[in-house]
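Me: Please take a close look at one part of this model, the metal site, and then connect it to the rest. Plain wording is fine.

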Amino acid sequence: MSLLALSDITIRYSRLTAVRNVSFSMDEGEILFITGPNGAGKSSLLRAIAGVTPVAGGRIDLAGHEITGQAPENIARLGFSMVPEGRDVFGSLTTEENLLVGTGMHARERGWRSRAADELEAVYATFPMLKERRHGQAGLLSGGQQQMLVIGRALMTNPRLVAIDEPSLGLAPNINDQVYERLIALRAQRQLTLLIVEQSSARAMMVGGRMILMRGGQIVLDGDARTLGNGEAIQAAYFGYEDN
Amino acid sequence: MLQILFDALSLGSLYALGALGIALIFGVMRLVNFAHGDVIAFCVFALLWPSTDAMAIVFAGQLPWYLLVPFVLLCGAGLSVLCEIVVFRRFRQANPATMMIASFALGFVIRYFLLMLFSSRPKSISLLPELSQPVEILGARLPLLQLITIVTTMVILIGLTLFLRQTRFGLEMRAAAENFSMARMLGVRANRVIMGAFALSGALAAAIALIFGAQTGTLDIQMGASIMLMAFIATVIGGLGSLGGAVLAGFLLGAASVIMQVMLPIDARPFRDAFVYGAVILVLLFRPQGLIAARGTKERV
Ligand SMILES: Nc1ncnc2c1ncn2[C@@H]1O[C@H](COP(=O)(O)OP(=O)(O)O)[C@@H](O)[C@H]1O
Ligand SMILES: [Mg+2]
């Protein structure tokens with residue numbers, strides 16, 4: 001059974017239809033890139049899975065539970081962790097407080113405190129610079145540091161599926177490379193299932209895995225990132241066959 | 001001189017506590033809760049048996065303080081949480097203006113409910129009379145009550161700060177106040193945080209009711225509204241949603257009122273409030289975002 005399944009998802013903002021009848025599913029351990037131009041509906045789709053944007057139609061299942069219309073806090077409890085577009089760092093909180101916000105949802109379980117402490121050390125081991133700045137205000141971190149922080153924060157809930165919306169946004173290329181290095185290492189370490197949104201398909205081709213290309217609220221291509229990456233098909237799909 | 005300082009601090013305390021109650025709820029819900037003043041009035045009248053006689057029939061008001069204080073705090077927190085569950089919960093997705101109107105309406109419902117039970121006549125009550133004796137400090141004779149007001153407010157402020165900084169619930173509240181939907185995506189329960197904010201805010205309203213009731217000795221349905229106006233102004237000057245700003249502005253407003261009361265020529269004193277509001281307009285002209293701009297510009301979901 002797949003870990004995440006979307007069937008026939010439609011998302012509307014009053015009269016604008018941002019996502020139209022989108023279906024796809026993901027297996028445990030998979031890495032999936034959703035790419036496509038600005039306005040394709042990628043972020044809307046991710047927010048719908050997280051439960052912060054309502055869907056107008058269709059159904060979403062996560063880890064064997066239907067989550068359509070569920071509250072975000074309940075979806076998070078099923079193992080979904082989200083890094084939204086723009087990162088949404090809690091700027092007035094310290095770095096460490098940012099990391100700790102998500103650990104409370106396991107507070108009913110036995111031994112959660114020591115597990116949270118272990119988790120914190122694991123995140124600090126992956127991102128040593130976060131440890132240096134642990135008591136500093138998170139809003140003062142650089143863009144790259146904030147990106148590492150929100151990835152760490154997403155991991156602190158001990159998720160099965162992590163979704164990241166445009167991690168490259170506003171980062172210098174070399175910083176972006178560092179972010180991806182860590183992500184790939186983390187994925188190997190923890191058998192994470194990753195759902196990553198990027199505008200450009202270049203990164204997906206580099207990393208490999210599966211890629212879905214969206215345009216105008218619909219899926220136009222779905223396949224292996226490296227074979228899709230042979231230039232023309234993807235160019236055509238990205239810019240649209242019927243444009244001009 | 002010392003007397004002026006203490007007057008300023010104790011009046012400022014009331015405004016600061018009121019502003020804090022409004023800012024807490026605004027922080028997590030973007031709701032300007034105009035019913036807050038009526039929660040204060042409700043707490044005051046919780047001291048009496050319902051009766052429309054001019055004579056107050058004291059009920060909780062005669063309890064010893066260690067029962068009286070928790071009782072009134074519980075009344076405030078309880079009513080406030082009830083307002084959330086019965087009314088505000090249905091307006092979570094509504095825009096701020098709609099919520100504000102709803103809070104106005106709710107305030108009137110509470111006020112008329114009190115009117116029905118108690119009539120509109122102010123009633124006198126001697127609450128904690130042992131606190132009205134004066135004490136001598138540095139050569140000045142100050143009412144013990146004033147001292148207790150200031151100390152209590154400081155204790156509440158420090159306690160609240162510790163609560164917000166040191167506890168898990170406090171952390172979740174601060175995260176939710178800054179970015180509600182992100183906090184929820186990290187598993188923070190929206191209902192719990194919002195109910196917690198309402199409970200705290202209601203307890204603050206109760207503290208004001210106790211202090212004000214003990215200070216004035218009269219219980220008046222209008223009294224909540226008068227503090228509320230100043231508290232609301234303090235919240236705006238402080239930077240809506242900024243707790244530190246609300247407290248600071250509350251004390252500044254208290255100080256401004258007391259200082260003008262003393263400094264203005266006798267003839268101008270009846271118009272003191274006009275001068276205070278004038279100063280408010282000036283502050284807002286120069287710092288429209290408030291003294292301390294709140295973080296968390298993200299919309300709630
Ligand atoms: N909150 C919103 N309200 C109204 N329209 C929105 C909102 N968010 C996104 N849209 C619109 O929906 C479409 C898809 O946006 P989005 O999901 O952000 O795409 P992408 O992430 O692929 O750039 C765009 O036309 C965008 O303008
Ligand atoms: Mg986007």
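Reply: In this predicted model, the magnesium ion (ligand 2) has two protein donors, Ser43(A) through OG and Glu85(A) through OE, at 2.0 to 2.4 Å from the ion. Donors here are N, O and S atoms within 2.8 Å of the metal (3.2 Å for Na, K and Ca), and water is not among the atoms, so the site may look incomplete. The two residues come from distant parts of the chain, 42 residues apart. Ser43(A) sits in helix 1 (residues 42-50) of chain A, while Glu85(A) belongs to the loop between strand 6 (80-83) and helix 3 (95-100) of chain A. Helices (H or I, at least four residues) and strands (E, at least two) are DSSP runs, numbered from the N terminus.

Ser43(A) is buried, at 14% relative accessible area, whereas Glu85(A) is partly exposed, at 33%. Buried means under 20% relative accessible area, exposed over 50%, and partly exposed in between, with a 1.4 Å probe and protein chains only.

Residues are numbered from 1 along each chain as its sequence is written, with chains lettered from A and ligands numbered from 1 in the order in which they are written. Local features need pLDDT of at least 70 and side-chain atom pairs 80 or more, while totals for chains, interfaces and linings use all residues; side-chain values use heavy atoms, leaving out hydrogens and water.

Next comes the nonpolar interior. The largest nonpolar core has 117 residues, and Leu45(A), Phe80(A) and Leu195(A) are among those with the most contacts inside it. Such a core is a set of buried Ala, Val, Leu, Ile, Met, Phe, Trp, Tyr and Cys residues joined through side-chain atoms within 4.5 Å. Helix 8 (residues 190-216) of chain B gives the most to this core, 14 residues. Apart from it lies another core, of 36 residues, including Val150(A) and Leu221(A).

Leu195(A) touches, among others, Leu46(A) and Ile49(A), leaving aside residues up to four places away in sequence; contact means heavy atoms within 4.5 Å.

Phe33(A) lies in strand 3 (residues 31-35) of chain A and is buried, with 0% relative accessibility. Among the residues that Phe33(A) touches, beyond four places in sequence, are Tyr180(A), Ile196(A) and Met211(A). Phe33(A) and Ala63(A) are 30 residues apart in sequence, and their C-alpha atoms are 20 Å apart in space.

As for chain B, it has eleven helices and four strands. Of its 301 residues, 52% count as buried.
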